[in-house]
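Subject: Structure for your files

Hello,

Here is the structure I said I would pass on. My notes follow below it.

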Amino acid sequence: VFPSLAQAQASVANEVYQELGQPSVFLFCPTEYCSSLCSPSPSQSCYLQSIGQELLPGIGVIWTGPKVVSQELSAALLEEVEAVLRRRPVIWDNLYANDYDCRRVFLGPYMGRAPGLMSRLHGLLLNPNCELQANFIPIHTLGTWFRSELGSCARPDRAGMEAVAAPGDSQGAQDGSYSPREALEVALRDWVAEINQQALEPGK
């Protein structure tokens with residue numbers, strides 16, 4: 001019935017989206033959802049080109065970055081993806097995900113994301129560790145990153161800068177940009193306070 005997989009998927013997604021009354025949040029995860037799955041690249045992928053052309057503009061498209069679990073997200077990559085999909089992507093961030101390897105638990109700060117990315121995103125979803133308590137620092141530092149991004153949106157001169165703060169970078173305190181190390185220190189203090197509070201509860 002359809003000349004390609006992409007056109008079949010877009011047709012079904014469009015029909016469901018319209019049947020549901022075109023909700024404000026409707027997400028589509030493409031078969032090629034990161035750069036490493038694209039052939040030969042996101043901008044030259046016939047599959048993604050068809051998805052961008054055929055999918056109704058109100059449907060959000062999920063993207064994980066260069067890889068399924070991406071250590072870094074750059075503005076240049078997001079620009080490429082936006083161009084081929086004809087919409088800003090929704091990042092499904094697997095930085096902390098460990099459902100594929102239960103021995104892996106990442107407790108570090110949210111990092112490796114270039115400043116000014118929020119203006120290039122339709123949204124961001126964080127795929128957490130499977131262990132509930134292990135997500136305190138990831139979610140806490142994500143919140144700190146998000147607040148700094150809101151600040152950078154108010155400072156257009158910083159938007160799109162490619163520099164990514166290193167874990168030991170202390171520049172954030174000076175200019176309001178995100179510092180993973182400082183975000184981690186604040187999260188650790190709050191986590192210890194939370195643990196101490198729980199320890200004082202009856203029955204603990």
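A residue is called buried here when its relative accessible area is under 20%, and exposed when that area is over 50%. Please bear in mind that this is a predicted model.

Helix α1

Ala10 sits in helix α1. Its relative accessibility is 1%, so Ala10 counts as buried. What does Ala10 touch, leaving aside its neighbours within four places in sequence? The contacts are Glu54 and Leu55. Gln53 is 43 residues away from Ala10 along the chain, yet the C-alpha atoms of the two are separated by 9.1 Å.

Val12 and Val16, together with Leu20, make a nonpolar surface patch of about 260 Å². Of these, Leu20 belongs to the loop between α1 (5-19) and β1. Leu20 counts as exposed because its relative accessibility is 55%, and the cut-off is over 50%.

The strands

Strand β1 (residues 27-28) runs parallel to β2, and two bridges join them. Leu27 has Gly60 as its bridge partner in β2. Between β1 and β2 the chain passes through helix α2 (residues 46-54), and this β-α-β crossover is right-handed.

Strand β2 covers residues 60-63. Side chains in a regular strand alternate between the two faces of the sheet. In β2, Gly60 and Ile62 point one way, while Val61 and Trp63 point the other way. Are these four buried or exposed? All are buried.

β2 also pairs with strand β3 (residues 90-93), in the parallel sense and over two bridges. Opposite Ile62 stands Val90 of β3, and opposite Trp63 stands Ile91 of β3. To get from β2 to β3 the chain goes through helix α3 (residues 75-85), and this β-α-β crossover is right-handed.

How many bridges link β3 to strand β4 (residues 123-126)? There are four, and the pairing is in the parallel sense. Ile91, which stands opposite Trp63, has Leu124 as its bridge partner in β4.

To follow this on screen, you could begin at Leu27 and its partner Gly60, go on to Trp63 and Ile91, and end with Leu124, the partner of Ile91 in β4. For the helix α1 part, look at Ala10 with Glu54 and Leu55, then at the patch of Val12, Val16 and Leu20.

Regards

Technical notes:
Residues numbered from 1 in each chain as written. Predicted model: local features only at pLDDT ≥ 70, side-chain atom pairs only at ≥ 80, totals over all residues. Heavy atoms only, no water. Buried < 20%, exposed > 50% of the residue type's maximum accessible area, 1.4 Å probe, protein only. Pairing = 2+ DSSP bridges. Right-handed = clockwise from strand over helix to strand, strands pointing away. Patch = residues over 30% accessible without salt bridge, like charges linked within 9 Å, V, L, I, M, F, W, Y side chains within 5 Å. Areas by Shrake-Rupley, 256 points an atom, 1.4 Å probe, with all protein chains shown as cover. Salt bridge = Lys/Arg side-chain N within 4 Å of Asp/Glu carboxyl O. Contact = heavy atoms within 4.5 Å.
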